[in-house]
There are 2 protein chains.
Amino acid sequence: MAEQKLKKKDTLAMRHKLIGQSCRLFYSEDPVKIIRARGQYLFDESGKRYLDCISNVQHVGHCHPAVTKAAASQMDLLNANARFLHDNIVLYAERLASTLPEKLCVFYFVNSGSEANDLALRLAQQYTQHEDVIVLDHAYHGHLMSLIDISPYKFRKLTGQKDWVHVAPLPDTYRGQYGGDHPNPGQAYANTVKHLIEEIHMKGRKISAFFAESLPSVGGQIILPPGYSSKVAEYVHSAGGVFVADEVQTGFGRVGSHFWAFQLQGEEFCPDIVTMGKPMGNGHPLACVVTTQEIAGAFTANGVEYFNTFGGNPVSCAIGLAVLDVIEEEHLRENAVKVGAHLKDLLAQLQARHEVVGDVRGVGLFVGLELVTNRGEKTPATKTAAWVMKKLKEEDQICISTDGPWENVLKFKPPMCFSMDDAELVVQCIDRILTEIKTSDLKLENEDI
Amino acid sequence: MAEQKLKKKDTLAMRHKLIGQSCRLFYSEDPVKIIRARGQYLFDESGKRYLDCISNVQHVGHCHPAVTKAAASQMDLLNANARFLHDNIVLYAERLASTLPEKLCVFYFVNSGSEANDLALRLAQQYTQHEDVIVLDHAYHGHLMSLIDISPYKFRKLTGQKDWVHVAPLPDTYRGQYGGDHPNPGQAYANTVKHLIEEIHMKGRKISAFFAESLPSVGGQIILPPGYSSKVAEYVHSAGGVFVADEVQTGFGRVGSHFWAFQLQGEEFCPDIVTMGKPMGNGHPLACVVTTQEIAGAFTANGVEYFNTFGGNPVSCAIGLAVLDVIEEEHLRENAVKVGAHLKDLLAQLQARHEVVGDVRGVGLFVGLELVTNRGEKTPATKTAAWVMKKLKEEDQICISTDGPWENVLKFKPPMCFSMDDAELVVQCIDRILTEIKTSDLKLENEDI
């Protein structure tokens, strides 16, 4: 059984002293100390149980015994680097290939989504021999220097926008320029990329890549409108660039109906490069880039080795294979379809009862609840969202977090074993909290507005 | 027991098809398939045993049971991210702090040496508000875009040298401008950095960091001359920059006498930022940046969160702690001192018998044997080095590799449990191979020279 080694106040004091403060704690005013977890449940030092609605990394459930067993067996046998020939890396690549369109067939294994996105950028620039990159507004692609450059969410607060980076509007049909009532928002948003490419060409610059999450996460749990990606790919290809789908947050069946979120855009759409990460190793540092033979060939042709010390080692690949097995054996995609639909239904019922619920959107177990103080003007109800998050933790032991440019979207991205009961519990609790806000003297948003 | 799942030829065929060819195999003409390893020994699919002289990552020995046990226990309990409060990250930081000078006391945990060096660069630039970086010739600091920019070993073959990157001479007392017979090579090489800074200032540019491995590895297993780092730090600090010591290859007691290779430069020298990686998790993706409160404070002050999904998770930290325990309990630093000294003695005896041995250098279990066709002109004996490497593998089942700008340095960086017998065996075999070359008709170097 788990026991804490330090008293919570001592852990906290040491954390403040020894760990960079830029690495923030959840609930920083009153952090939670978690010492054990299983499935979708976290347990603190006193044994108190928390329902986890946010750990998308622990994809098949915290501490899944099949994953632990696979890791321990392989660690006991071999964990050398991928310069030695080994079965696991090729068997894992073959399994991943079976989930992807045929043309995505060359794999590079790395240790984090950030490493994957950095390599994707190198592959795109090497293949196209162009430099410029188009990204979506509010995007976040990782913590590395190269990725801060292509993440408006970060570069606006830091180094600013580089001349080789171009920002296209987020295709948000709730809050953006082209709403759900537009006859073809997919085409309309794709046209914004087309026009951006024309502007870039007028400057004498050339596009290497359009780089986007298949479902923009930090952007606020956004679902791309139908037809968007195919059209964007057409325009980007015409300009000599490639389409990079960042599936770090959204891959491995989270959307339920498909294994990859880019597949929601239809069978005729296929990215040129896909990056994957977070859920891939259920918490183990494991990530990947997959691309076409043509792009990989151009990367090889530069004659320079790519060596990633830990990437694709036998333990990482054994863990990756075990995660794929559990997704299949426990029918977790089917669970995501069923529980995700139920969660969205329940949230839609909340919307009918609470004016503050502006939008409910999502697919599978990737769901957002956007709060607004005014449905007409869609003014972000940022403080209400923060209040709900705080109350869920304090009163109900439910961990959820907020996202979106105004931090007014409550986001659900739980372990894939999240149950119907879990969905019902969390919606009941949100209902209670929103009702309390309405019926109390709490004036959360008015203080600043 | 280990069994292979595929026949070797099938593994190889799948590898060629599915894994990016830029990820090269050892002995690419006849790769080795390793399915099991223990201590300093690797075993192929037929059970044949190889002595491993190169796996510095598997620092306390391949598949050490104490490390596997720590990993499996923690994986079964919790592997959440570091936004939740947990004991392991703070206990591990405290243990690492006890090996370091007092002023290096704020830790950032990441997944690879590359991630660590990228973050170190961000910290240096944020703190100094300067951009430019001085690196040593032939240096390699990682595979990320930001690190290719500061790695002459890579950027010369790829994107070329950026205007904010400046290359100082490698302080190589065997082959460089100031030899071992110079009265003070440390000061002389430090002066080259001083002059470079003056040139940079004349261009109106400002130094953020001097970035160097504590013992340049890809540069050819170079030992920095005494006094070098203190003097460089003095000049870099005067210019408003910081000193980054890259200990990714050299840390965790490899040099035996000290825990960190930068400590070989004396107690009066302390870097401002230290990066660590490869040996830290014995194969698990684990790396770290440590810096001063002042530098960490400047990074926090920008107000932007640094979140690394897997960095500092409870499993990674449990593994890191187990590695530190094994280093102590099995007296691996003492072993590195003893076996390293014996290995160097034996190699010095080789040098007395074989003209082709130009230099023997090293400290602890970080040792290089430089081969030359002509001792006076120090012409690199690149083909001889490759031949020795090939023969050791084919005839003696010993894995060793070459390094240095001309790939003429045989390098030893074995797991730290490498024994006296292992050292004797490998030197005997090299002796035999060098004798065969002399007494046969083999004209390895003359073909091209």
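Here is a walk through how two chains meet, and then through a few details inside each of them. Keep in mind that this is a predicted model.

Let's start with the symmetry. Two copies of a chain are related by a rotation about an axis and a shift along it. Here, turning chain B by 180° with 0.0 Å of shift along the axis lays it on chain A, with an RMSD of 0.0 Å. The two copies are thus related as by a two-fold rotation axis. If you want to find that axis in chain B, look for Ala72(B): its C-alpha is the nearest one in that chain, 2.8 Å from the axis.

Now for the place where the chains touch. Chain A and chain B each bring 97 residues to the contact. Of the interface residues of chain B, 100% are also interface residues in chain A, so the copies meet through the same surface.

How much surface gets covered up? The size of an interface is often given as the accessible area lost when the parts come together. Between chain B and chain A that area is about 9,000 Å², and carbon and sulfur atoms supply 63% of it. On the chain B side, Phe84(B), Leu85(B) and Phe310(B) lose the most area to chain A, together making up 10% of what that side buries.

There is polar chemistry across the interface too. You'd count 48 residue pairs in polar contact between chain B and chain A, with both partners at pLDDT 80 or more. Several elements of chain B give two or more residues to the side touching chain A, including helix 1 (8-18), strand 1 (34-38), helix 2 (65-77) and helix 3 (87-97). Helix 3 of chain B has the largest share, with 8 residues. Sort the residues on that side by type and you get 52 nonpolar, 26 polar and 19 charged.

Salt bridges are worth a look as well, and 4 of them link chain B and chain A. In one of these, Asp87(A) pairs with Lys33(B), with their closest N and O atoms 2.7 Å apart. Over all chains, the structure holds 49 salt bridges. One that stays within chain A joins Arg205(A) and Asp132(A), whose closest N and O atoms are 2.6 Å apart. Arg205(A) sits in the loop between helix 7 (185-202) and strand 7 (207-213) of chain A, while Asp132(A) is in strand 5 (residues 132-136), so this pair ties together parts that are 73 residues apart in sequence.

Finally, have a look at the strands. Strands of a sheet pair through backbone hydrogen bonds, either parallel or antiparallel. In chain B, 4 strands make an open sheet in the order 1-2-3-14, with mixed pairing. Strand 1 and strand 14 (398-399) of chain B are the edge strands, each pairing on one side only. Strand 1 of chain B runs antiparallel to strand 2 (residues 41-44) of chain B, and 4 bridges join them. Within that pairing, Arg36(B) stands opposite Phe43(B) of strand 2.

Over in chain A, strand 1 (residues 34-38) and strand 2 (residues 41-44) are also an antiparallel pair, with 4 bridges. Here Arg38(A) faces Tyr41(A) in strand 2 of chain A. The hairpin these strands form has 2 residues between the strands, and Gly39(A) takes a positive phi near 55° there.

How values were computed: Residues are numbered from 1 along each chain as its sequence is written. Chains are lettered from A and ligands numbered from 1 in the order in which they are written. This is a predicted model: local features need pLDDT of at least 70, side-chain atom pairs count only at pLDDT 80 or more; totals for chains, interfaces and linings use all residues. Side-chain values use heavy atoms; hydrogens and water are left out. Contact means heavy atoms within 4.5 Å. Buried area is the accessible area (1.4 Å probe) that two parts lose on being put together, summed over both. A salt bridge is a side-chain nitrogen of Lys or Arg within 4 Å of a carboxyl oxygen of Asp or Glu. A polar contact is a pair of N or O atoms within 3.5 Å; within protein, one must be able to donate a hydrogen and the other to accept it, and residues adjacent in sequence count only if both atoms are side-chain atoms. Ala, Val, Leu, Ile, Met, Phe, Trp, Tyr, Cys and Pro count as nonpolar, Asp, Glu, Lys and Arg as charged, and the others, Gly among them, as polar. Copies are superposed by least squares on the C-alpha atoms of residues with pLDDT of at least 70 in both. Two strands pair if DSSP finds at least two bridges between them.
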